[in-house]
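Biologist: I would like a close look at a single part of this model, taken slowly and with its surroundings. Please also tell me how far the prediction can be trusted there.

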Amino acid sequence: MILIADAVNTAIIGKGLMIGGGFIGPGIGIGIIGGNYMAAVGRNPEASKFLGQALVFIAIIELFALLAFASIFIVK
Amino acid sequence: MIGILGGFASSGPVVYITSKDIFTIHGVTITNSIFYGWICGVILLVTLITIAKRMTVKPKGGLTQFVEVGVGFISNLVESSFEDRERGTKYVPYFVTLFFFLLFNNWLGLVPGVGEAIKIHGNPLLRPFTGDLNATLAVGIITMGLVYVASIKEAGAKDYIKHFFIGNPLNPMYLFLGLIEMFTDMTRVISLSIRLFLNVTIGEIVIAVFAYLGSFLAPVTSAPFTIIELFVGALQAYIFVILSVMYLAISVNHATAEHSDDLTDELVTERIRLQSEKA
């Protein structure tokens, strides 16, 4: 690994992998929440009062995506 | 031709992740985010106190209406989370102030002068207060401190410790689950503060990158992202408040509930016996 790190900039590869892998999960999660919300509203239009709750769940999931983004500044 | 375009090239977008020191007062260094936090605090005080004096029974438009909507929304949220509404009424002023404080700090961080436009000693003079991890950690510690102190005062220290365990703590299974509940409680400070800090800082980075990409059209290319950041700033302030209210309401409701609400081994057999006797 030390020999590879001399020739190739492994920090950049590490950052790229962390960003790429880190955004898959929250993307899928937010898509599932959004899909279920739209299905519920389509079935019963009075369910649109739960929009605030859905945004709360989206922000909780978004935290993990932002932690992956913040790893750019942690890995040297 | 390419040489002319080369004149616009520079080394890359300038992003600031941490806050820089501006001046010192008697040996205490003041950073640019602390300085802008003071300015925003003064603006918040002046705005809210003048609006409170102008409150009338008949509704008026403008900023008064906006503040009234915000206060009504958060007040309804706090009071409806507690089982016993009067218990929740004494926490409303703190959460409404917290919501407007975070909202003003997030929104006033998007004003065009904040960032690398105004510089002093080579460092930016102003930086949004919530864009500094020290600041959001302080707000998070104070809020969770309020949650712990309030739940211990409402329910008593013994009931508060007992509300983590759903059965007899001498049972190793319930002891393990209770310790995991306590640990989850302690990670709430970090998750609340890091969520707010990262949302604001990453918004600043995105705006800086897009302002760099449109070199002389920077106001045009960064306008959509500034509008997105308005929405994100309001949403993050609301989420901070709603999560803290939920944590407070869950601890207080659970710690002051009657103890027969948790079903453990003895109580389950007791209830089955009672129901079979009734039938």
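What covers the buried residues of α4(A)?

Modeller: The cover over the buried residues of α4(A) includes α2 and α3 of chain A, together with α10 of chain B. Please keep in mind throughout that this is a predicted model, with an ipTM of 0.84 and a pTM of 0.85.

I will begin with the helix itself. Helix α4 of chain A takes in residues 51–70, and its buried residues are A:Ala59, A:Glu62 and A:Ala65. At 1.5 Å a residue, the 20 residues of α4(A) should span 28 Å, and this agrees with the end C-alpha atoms, which are 28 Å apart. An α-helix has 3.6 residues a turn, so residues three or four places apart point the same way.

Of the helices that provide the cover, α2(A) can be described in some detail. Helix α2 (residues 10–22) of chain A packs on α4(A) at an angle of about 170°, and the two axes are 8 Å apart. Because an angle over 145 degrees counts as roughly antiparallel, α2(A) is roughly antiparallel to α4(A). On the α2(A) side the contact is made by A:Met18, A:Ile19 and A:Gly22, while α4(A) contributes A:Ala65, A:Ala68 and A:Phe69. By character, the residues of this contact divide into 5 nonpolar and 1 polar, with no charged residue. A:Ala65 thus appears both among the buried residues of α4(A) and in the contact with α2(A).

As for confidence on this side, chain A has a mean pLDDT of 89, and 99% of its residues reach 70 or more. Helix α3 (residues 24–43) of chain A, which is part of the cover, has the highest confidence in chain A, at a mean of 95, whereas the lowest is found in α1 (residues 2–7) of chain A, at 78.

The cover also includes a helix of the partner chain, α10 of chain B, and this leads to the interface. There, 10 residues of chain B are in contact with 8 residues of chain A. On the chain B side, the elements that give two or more residues are α8 (172–213) and α10 (223–255) of chain B, with α8(B) giving the most, at 5 residues. The residues on that side divide into 6 nonpolar, 3 polar and 1 charged.

Following α10 of chain B further, one arrives at B:Phe240, which is found in that helix. B:Phe240 has 25 other C-beta atoms within 10 Å and is therefore buried. Leaving aside residues up to four places away in sequence, B:Phe240 touches B:Leu102, B:Leu192 and B:Leu196. The C-alpha atoms of B:Phe240 and B:Phe95 are separated by 9.8 Å, although the two residues are 145 residues apart along the chain.

Confidence in chain B needs its own account. The mean pLDDT of chain B is 84, with 92% of its residues reaching 70 or more; helix α5 (residues 92–108) of chain B is highest, at a mean of 93, and helix α1 (residues 2–6) of chain B is lowest, at 44. Over residues 1–8 of chain B the pLDDT is below 50, and this stretch has 1 contact in the model beyond near neighbours in sequence. Where pLDDT is low, the predicted coordinates should not be read in detail.

How values were computed
Residues are numbered from 1 along each chain as its sequence is written. Chains are lettered from A and ligands numbered from 1 in the order in which they are written. This is a predicted model: local features need pLDDT of at least 70, side-chain atom pairs count only at pLDDT 80 or more; totals for chains, interfaces and linings use all residues. Axes are lines fitted to C-alpha atoms, for helices over the stretch in contact, and angles run from 0 to 180 degrees between N-to-C directions. Helices (H or I, at least four residues) and strands (E, at least two) are DSSP runs, numbered from the N terminus. Angles under 35 degrees count as roughly parallel, over 145 as roughly antiparallel, 65 to 115 as roughly perpendicular and the rest as oblique. Two residues are in contact if their C-beta atoms, placed from the backbone, lie within 7 Å. Ala, Val, Leu, Ile, Met, Phe, Trp, Tyr, Cys and Pro count as nonpolar, Asp, Glu, Lys and Arg as charged, and the others, Gly among them, as polar. pLDDT is the predictor's confidence in each residue, from 0 to 100. The expected span of a helix is 1.5 Å times one less than its number of residues. A residue is buried if 20 or more other C-beta atoms lie within 10 Å of its own, exposed if 12 or fewer, and partly exposed in between; C-beta atoms are placed from the backbone.
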